[in-house]
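Hi everyone, thanks for making time this morning. I'd like to walk you through one structure, so please have a look at it while I talk.

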Amino acid sequence: GYASGNNELAKEWLQETFIKVWKHRNSFKEKSSIDTWIYRIAVNVCLGDLRKPRKNIAINEDLLSNSSYDDNIDNNEGNIKKMYHCIDQLNEQNKALILLELEN
């Protein structure tokens, strides 16, 4: 979901996730399930990489172009509406994660 359909980026993040899992396997304290621990690492890898300005991640233009917007809205407000429209397309779990991240 975070890779927006970019399979190469998703594979890169998957590899980085399992490298981190392997390197930090001894720090797993079994306070949660191993699945939850690995999932949290994967989310952190994705979000950490998305925060880096050096990456150019392809945006699914179909989601943006299918949205109905008032063309007279100022550019910044329009972009915010587009972003929330795209977020609305996500499943509930991913939507919650993104919104939590946006709201810190």
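Let me start with a puzzle: leaving aside its neighbours within four places in sequence, which residues is Thr17 in contact with? Keep in mind as you look that this is a predicted model. The residues in question are Ile38, Ile41, Ala42 and Val45. Thr17 itself sits in helix H1. Is Thr17 buried or exposed? Thr17 is buried, because its relative accessibility is 4% and the cut-off for buried is under 20%.

Now let's step back to the whole chain. There are five helices and zero strands, so to speak a plain run of α-α-α-α-α when you read along the sequence. The chain has 104 residues, and 21% of them count as buried. If you take contacts between residues at least 6 apart in sequence, 47% of those join residues at least 24 apart.

Next, helix H2, which is where I'd like to spend most of our time. H2 covers residues 34-51, which is 18 residues. From first C-alpha to last, H2 reaches 26 Å, close to the 26 Å expected at 1.5 Å a residue. Which residues of H2 are buried? They are Trp37, Ile41, Val43, Val45, Cys46, Leu47 and Asp49. And what covers them? The cover includes helix H1, residues 7-23, and helix H5, residues 92-102.

Let's take those two partners in turn. A quick reminder for anyone who doesn't do this every day: two packed helices are described by the angle between their axes and the distance between the axes. H1 and H2 pack at an angle of about 130 degrees, with their axes 9 Å apart. That angle makes H1 oblique to H2, and H1 passes H2 in a right-handed crossing. On the H1 side, the residues that meet H2 include Leu9, Trp13, Phe18 and Val21, along with our friend Thr17. On the H2 side, those that meet H1 include Trp37, Cys46, Asp49 and Leu50.

H5 is the other partner. The axes of H2 and H5 come within 13 Å and cross at roughly 50 degrees. So H2 is oblique to H5, and this crossing is right-handed. Here H2 contributes Tyr39, Arg40, Val43, Leu47 and Arg51, while H5 brings Gln93, Asn94, Leu97 and Glu101.

I know somebody will ask about cysteines. How many disulfides does the structure hold? Zero. Cys46 is buried, with a relative accessible area of 10%, and Cys86 also counts as buried, at 18% relative accessibility.

Last topic: backbone angles. Most residues other than glycine have a negative phi. Two residues here are worth a look on your screens. Ser4, in the segment before H1, has a positive phi, near 50 degrees. Ser4 counts as partly exposed, at 39% relative accessibility. Then there is Glu30, which lies in the loop between H1 and H2. Glu30 has a positive phi of about 60 degrees although it is not a glycine, and at 65% relative accessibility Glu30 counts as exposed.

To come back to where we began: Thr17 is buried, and its contacts in our puzzle were Ile38, Ile41, Ala42 and Val45. Thanks for listening, and please do jump in with questions.

Note on methods:
Residues numbered from 1 in each chain as written. Predicted model: local features only at pLDDT ≥ 70, side-chain atom pairs only at ≥ 80, totals over all residues. Heavy atoms only, no water. Helix = DSSP H or I, 4+ residues; strand = E, 2+ residues; numbered from the N terminus. Expected span 1.5 Å × (residues − 1). Buried < 20%, exposed > 50% of the residue type's maximum accessible area, 1.4 Å probe, protein only. Contact = heavy atoms within 4.5 Å. Disulfide = S-S within 2.5 Å. Axes fitted to C-alpha atoms, helices over the stretch in contact; angles between N-to-C directions. Parallel < 35°, antiparallel > 145°, perpendicular 65-115°, else oblique. Left-handed = near helix turned anticlockwise from the far one by under 90°.
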